[in-house]
Amino acid sequence: KPRISVLTLGVSDLEKLVKFYRDGLGLSTKGIIGSEFAYGEVAFFDLQNGLRLALWPRESVAHDTGLPVQNSSALEFTIGHNVSSQDEVKSVMQRAEKAGAKIIKAAQDTFWGGFAGYFQDPDGHLWEIVFNPEFLPE
């Protein structure tokens, strides 16, 4: 059974990204933990049903994996956040922009019958905020 419990984003500026997700988007966190360990600083955000978003400095990911720090691309993956209405898409996009996100694609009707927009967090990670009438959140 697939059990994804943590999505980890490698970040350039941990403190800046914690402020964005906590203060700007309102995600719940205990803040940065693990500072007593070399390469240990990390922040976890509770999402839903035991799923957490982790922010971990890219240098720490490189150290832990043994891979060199590499250039990143916003096109490597997107994080999709499904909401219950077109108005909620607009609201989340506005909140993200106010918190410092860059709007990549304004919220609009999609070719497949939904409503969606894209933003990048301050570190360049790409989020899609989407209302899909066939895939409503609980």
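Biologist: Which residues of the largest nonpolar core touch the most other members?

Modeller: Please keep in mind that this is a predicted model. In soluble globular proteins, nonpolar side chains tend to be buried together. Here, the largest nonpolar core has 24 residues, and those touching the most other members are L9, Y21, F45, L55, V89, F119 and I129.

Biologist: Which elements each supply at least two residues of this core?

Modeller: They are β1, α1 (14-24), β3 (42-46), β4 (52-57), α3, β7 (115-120) and β8. The largest share comes from α1, with five residues.

Biologist: Let us take one member of the core. What does I129 touch, leaving aside residues up to four places away in sequence?

Modeller: I129 touches H81, V83, V89, V92, M93, F115, A116, G117 and F119. Two of these partners, V89 and F119, are also listed with I129 among the core residues that touch the most other members.

Biologist: I should now like to read the empty space. How much space lies in the largest pocket, and which residues are closest to its centre?

Modeller: Rolling a probe the size of a water molecule over the atoms shows where empty space is left. In this model, the largest pocket holds about 740 Å³ of space. It is lined by 22 residues, of which L47, Q48, G80, H81 and N82 are the closest to its centre. The elements giving two or more residues to this lining are β5 (78-82), α3 (86-99) and β8. Of the elements, β5 gives the most, with four residues.

Biologist: How do the residues of that lining divide by class?

Modeller: The lining of the largest pocket has 14 nonpolar, five polar and three charged residues.

Biologist: What is the volume of the second largest pocket, and which classes line it?

Modeller: Its volume is about 470 Å³. Among its 21 lining residues, G10, R58, Q70, S72 and E76 are the closest to the centre. Two or more residues come from each of β1 (6-11) and α2 (58-65), and α2 gives the most, with four. By class, the lining of the second largest pocket comprises nine nonpolar, nine polar and three charged residues.

Biologist: Finally, I turn to a single residue, N132. Is N132 buried or exposed, and why?

Modeller: N132 counts as buried because its relative accessibility is 18%, and the cut-off for buried is under 20%. This residue is found in the segment after β8 (126-131).

Biologist: Where does the side chain of N132 have a polar atom 2.8 Å from a backbone nitrogen?

Modeller: That backbone nitrogen belongs to E134.

Note on methods:
Residues are numbered from 1 along each chain as its sequence is written. This is a predicted model: local features need pLDDT of at least 70, side-chain atom pairs count only at pLDDT 80 or more; totals for chains, interfaces and linings use all residues. Side-chain values use heavy atoms; hydrogens and water are left out. Buried means under 20% relative accessible area, exposed over 50%, partly exposed in between (1.4 Å probe, protein chains only). A polar contact is a pair of N or O atoms within 3.5 Å; within protein, one must be able to donate a hydrogen and the other to accept it, and residues adjacent in sequence count only if both atoms are side-chain atoms. On a 1 Å grid over the protein atoms alone, a cavity is a set of points where a 1.4 Å probe fits but cannot get out, and a pocket is an open set with protein on both sides within 12 Å along at least five of seven lines; lining residues have an atom within 4 Å of a point. Grid points are joined across faces, edges and corners, and a volume is the space filled by probe spheres set on the points. Ala, Val, Leu, Ile, Met, Phe, Trp, Tyr, Cys and Pro count as nonpolar, Asp, Glu, Lys and Arg as charged, and the others, Gly among them, as polar. A nonpolar core is a set of buried Ala, Val, Leu, Ile, Met, Phe, Trp, Tyr and Cys residues joined through side-chain atoms within 4.5 Å. Contact means heavy atoms within 4.5 Å.
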